[in-house]
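Hi,

Here is the structure I promised to pass on to you. Have a look at it first, and then read my notes below.

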Amino acid sequence: MSRRLQSLLRSGSVLLLALAGAMPAAWAAEPVTVGSKRFTESYVLGELVVQTLQAAGVPAQHRQGLGNTGILEQALASGAVQVYPEYTGTIVRELLKRDAPEDATASLAQINAWLAPRGLKAAVPLGFNNTYALAMREDDAARLGLVTISDLARLPAEAAARLRPGLSHEFLVRADGWPALQRAYGLALRPGGGLDHGLAYEALARGQVDLIDVYSTDAKIGRLKLRVLRDDRAFFPRYDAVLLMRAGLDEAPLAAALAGRIDEATMIALNAEVEIDGRGFAEVARDFLARSAAATAPATAAPAAAPRAGFVQRLLAPDLGRLLGQHLALVFGSLALAVAAGVPLGVWAFRRPALAGVLMGAVGVLQTVPSLALLAVLIALLGVIGFWPALLALFVYALLPIVRNTHAGLAGVPRELQLAAAALGLRPGQVLRAVELPLAWPTLLAGVKTAAVINVGTATVAAFIGAGGLGERIVAGLAVNDATQMMAGAVPAALLAVAVQAIFGAIERLPRWQRQAARESGGRPW
């Protein structure tokens with residue numbers, strides 16, 4: 001039995017080393033890494049940047065849906081991302097923290113002067129302004145007589161209390177978001193809990209919320225016949241779309257193909273192709289670039305919408321192998337780390353009963369840290385996004401069941417057997433390897449199985465920081481409120497969890513087969 005445990009530990013170490021060795025090989029080509037946030041427009045613009053660079057002969061890759069501005073700011077500063085689409089208002093208010101009214105209309109040259117000490121620059125103005133706004137259902141706004149945000153502030157207290165805002169998580173905490181807007185207009189509304197931007201429109205249409213924050217180029221504003229409340233105090237700065245990049249990146253190929261090529265109507269049309277027609281981000285970007293290059297049709301004219309891909313088509317899409325490989329690397333890489341650390345910790349806790357409670361409590365506390373919070377902390381500590389923070393987060397979550405089950409398995413070994421082994425002259429290490437670990441093996445393995453199954457599900461969150469995996473499909477589906485796309489990621493993740501549990505179940509039964517064979521042959525079981 002001890003040989004099997006040693007083999008498991010060795011296999012985990014080999015797997016981890018293989019993963020570590022594979023990463024530098026993947027980085028050898030050093031493609032430009034393009035980031036995007038977790039909403040439709042950012043996905044589309046990210047694809048436009050990637051395809052433009054590739055057409056110019058520059059290797060490029062897209063890290064999709066990287067959470068909010070804060071995560072992308074860290075990624076850009078660390079070099080994990082070299083460029084991503086951003087907006088001048090966000091750069092001034094959120095990144096540079098400049099709140100003076102005159103800063104809201106700063107020129108691109110002035111913004112770049114402020115960015116220079118950070119080693120960043122804003123370049124390639126795309127040609128449209130995508131400002132924040134507040135929107136309501138048209139009939140509700142007409143009934144309440146709301147045209148401007150000031151009208152909203154003048155609502156009687158009783159009417160204001162009945163309104164149910166559904167504001168996005170980022171808008172609730174941004175420097176140019178709800179807190180400052182509330183102060184500027186004297187709004188008495190309670191914001192309530194945060195709601196994902198991709199789900200807010202459907203919640204508003206179904207009457208579950210009454211007021212949401214929107215982007216002025218969102219395609220669903222017109223489709224759902226919403227009233228956008230006018231910002232009559234000019235609180236929101238201009239949000240001109242630009243590419244925020246590291247200072248050393250050559251923007252020339254991007255400027256030649258994209259600068260000034262996308263106006264508001266074009267961007268709304270591109271967003272609509274994704275959100276309403278159901279086309280893929282890459283497909284929409286590719287068609288726009290082809291039309292723009294050929295100049296044979298207006299840039300806003302989209303081809304006839306292809307039928308939406310069904311569930312089976314999306315499930316078996318060409319990216320399935322890549323996403324599954326990334327998911328498996330995260331799950332089993334973190335599991336190998338957790339086994340290598342968790343088993344010795346469990347043995348240490350068993351040998352020191354007085355400190356076992358402290359160790360179990362510490363590992364248990366780590367398990368309670370929310371996954372996104374843990375990822376944010378690890379990104380700050382490591383200075384990178386992607387595979388490594390996600391791997392370490394999953395390692396932390398896998399520790400508790402392995403440490404706990406190792407300790408429980410060893411505690412369940414009969415004291416008489418330990419004394420008998422000691423009486424035969426075996427040293428403590430020999431007793432551990434020859435008696436205690438073999439008898440604790442079923443309980444220990446059950447902990448490893450639990451950790452593996454938990455990590456299969458938890459690994460989907462890694463997509464928020466660009467670590468890939470099946471969560472990419474879930475995050476992309478959430479961005480456009482596409483249940484089929486979300487299920488195309490959730491179903492293989494669920495099937496993978498079932499497969500992992502079945503594999504470990506077979507391993508758990510293996511010792512019983514070996515013991516039965518040994519008894520039938522008259523030999524020893526081990």
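**Strands, a small sheet and a pocket**

Strands β4 (residues 120-123) and β8 run antiparallel and are joined by 4 bridges. Within that pairing, Ala122 has Leu244 of β8 as its bridge partner. Before you go further, please keep in mind that this is a predicted model.

Strand β8 has another partner too: β3 (residues 83-87) pairs with β8 in the antiparallel sense, over 5 bridges. If you want a spot to find this pairing on screen, look for Tyr87, which stands opposite Ala241 in β8. Is β8 mostly covered or mostly open? Strand β8 spans residues 241-246, and 5 of its 6 residues are buried, so to be precise about the cut-off, each of those has under 20% relative accessible area.

Next, the open sheet. Three strands make it up, in the order β6-β5-β7, and their pairing is antiparallel. Which strands stand at the edges? They are β6 (212-215) and β7 (226-229); each has a single partner strand, so one side of each is left without a neighbour in the sheet. On average, neighbouring strands here are turned by 50 degrees against each other, direction ignored.

Between β5 (residues 132-137) and β7 there are 4 bridges, in the antiparallel sense. One place to see this is Ala135, whose bridge partner in β7 is Val228. Helix α11 (residues 197-205) packs on this sheet and touches β5, β6 and β7. The direction of α11 makes about 120 degrees with that of β6.

Finally, there is the second largest pocket, which holds about 600 Å³ of space. Its lining is made of 25 residues, and the closest to the pocket centre are Arg38, Gly67, Asn68, His169 and Glu170. Which elements give two or more residues to this lining? Those are α3 (69-78), α9 (169-173) and α19 (371-382). Of the elements, α19 gives the most to the lining, with 5 residues.

As for the chemistry of the pocket, the lining breaks down by class like this:

- 13 nonpolar residues
- 8 polar residues
- 4 charged residues

If you open the model with this email beside it, you could start at Ala122 and Leu244, go on to Ala135 and Val228, and end at the pocket centre with Arg38 and His169, two of the residues closest to it.

Happy to talk it over whenever suits you.

Best wishes

How values were computed. Residues numbered from 1 in each chain as written. Predicted model: local features only at pLDDT ≥ 70, side-chain atom pairs only at ≥ 80, totals over all residues. Heavy atoms only, no water. 1 Å grid on protein atoms, 1.4 Å probe; cavity = no way out; pocket = protein on both sides within 12 Å on 5 of 7 lines; lining within 4 Å. Points joined across faces, edges and corners; volume = space filled by probe spheres on them. Nonpolar A, V, L, I, M, F, W, Y, C, P; charged D, E, K, R; others polar. Buried < 20%, exposed > 50% of the residue type's maximum accessible area, 1.4 Å probe, protein only. Pairing = 2+ DSSP bridges. Axes fitted to C-alpha atoms, helices over the stretch in contact; angles between N-to-C directions. Contact = heavy atoms within 4.5 Å.
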